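The following exercises concern a helix, the core it joins and the relation between two chains. Please work through each task before reading its solution.

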Number of protein chains: 2
Amino acid sequence: MISVAREEGKLDDIRAILGNDIAVKAYREGTLPFPEGAIIARIAWSYDASEENNKTFGQAQSFVAGAPKNGVQFMVKDSKKYAETGGWGYAHFNDGKPADSAFMQSCYPCHQKIESRDFVFTRYAP
Amino acid sequence: MISVAREEGKLDDIRAILGNDIAVKAYREGTLPFPEGAIIARIAWSYDASEENNKTFGQAQSFVAGAPKNGVQFMVKDSKKYAETGGWGYAHFNDGKPADSAFMQSCYPCHQKIESRDFVFTRYAP
């Protein structure tokens, strides 16, 4: 596991960012750019108040992961294959189906803004 | 990984709940009570607004995991060894040091309230 996060606004989810061994090792050692073969995954769920937890705590404070939401996303490092998008290939699946090409046009323009960290937004949670 | 969550109030953290293979398998198959040898871990971090993400999104919406917070906790299933606390042993570490026995008195009274799910609050995030 690389980190966890919460997005408000339209996304309105709670999420986990996972990596394969290559990605996690690079994160832990602070290696940039990420090595070939690094894979980063983002899964997300609806952000649900937990009434059963709140009842136990005696106050409203607990939010948990509900149903899967906002698809599953991957970044795959292959500098040759994905040279045009910073060396990363992007993937997005909704219920196991890949998103259409129009949707996929939106990945790189945003990730491009974080080129200084090899196009990866997520920082490692120690 | 079993799930992620956010606690407001005094805890004020974002957290991940992890399990060993025995625990994760039991979660996925809905097995209750958890089998002997199941281990569940809870790690947590400060819940920090991400200015760099917000800047990219063009609005305040992103919260990420900051520094580790509220210690690391474990539940270990051993029905014989921990018969007095529902078959689970509880552990809490702050900066690698086990919490004192006074602190540990607080675990079971709260988990006892969720006896119907074998004393485990966290539900599996699919």
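**Exercise 1.** Determine which residues of helix 1 of chain B are buried, and how they are arranged.

*Solution.* Helix 1 of chain B spans residues 21-29, and its buried residues (under 20% relative accessible area, 1.4 Å probe, protein chains only) are A23(B), V24(B), A26(B) and Y27(B). Viewed down the helix axis, these buried residues fall within an arc of 160°, so they line one face of the helix; the arc is that of the directions from the axis to the C-beta atoms. The face turned away from the buried side carries D21(B), K25(B), R28(B) and E29(B), which are exposed (over 50%). Helices (H or I, at least four residues) and strands (E, at least two) are DSSP runs, numbered from the N terminus. The model is predicted: local features need pLDDT of at least 70, side-chain atom pairs count only at pLDDT 80 or more, and totals for chains, interfaces and linings use all residues. Residues are numbered from 1 along each chain as written, chains are lettered from A and ligands numbered from 1 in the order written, and side-chain values use heavy atoms, without hydrogens and water.

**Exercise 2.** Identify what covers this buried face.

*Solution.* The cover includes strand 2 (13-19) and strand 3 (39-49) of chain B. F34(B) is in contact (heavy atoms within 4.5 Å) with residues including A23(B), A26(B) and Y27(B), leaving aside neighbours within four places in sequence.

**Exercise 3.** Establish how chain A is related to chain B.

*Solution.* A rotation of 180° with 0.0 Å of shift along its axis superposes chain A on chain B (RMSD 0.0 Å; least squares on C-alpha atoms of residues with pLDDT of at least 70 in both). The copies are thus related as by a two-fold rotation axis.
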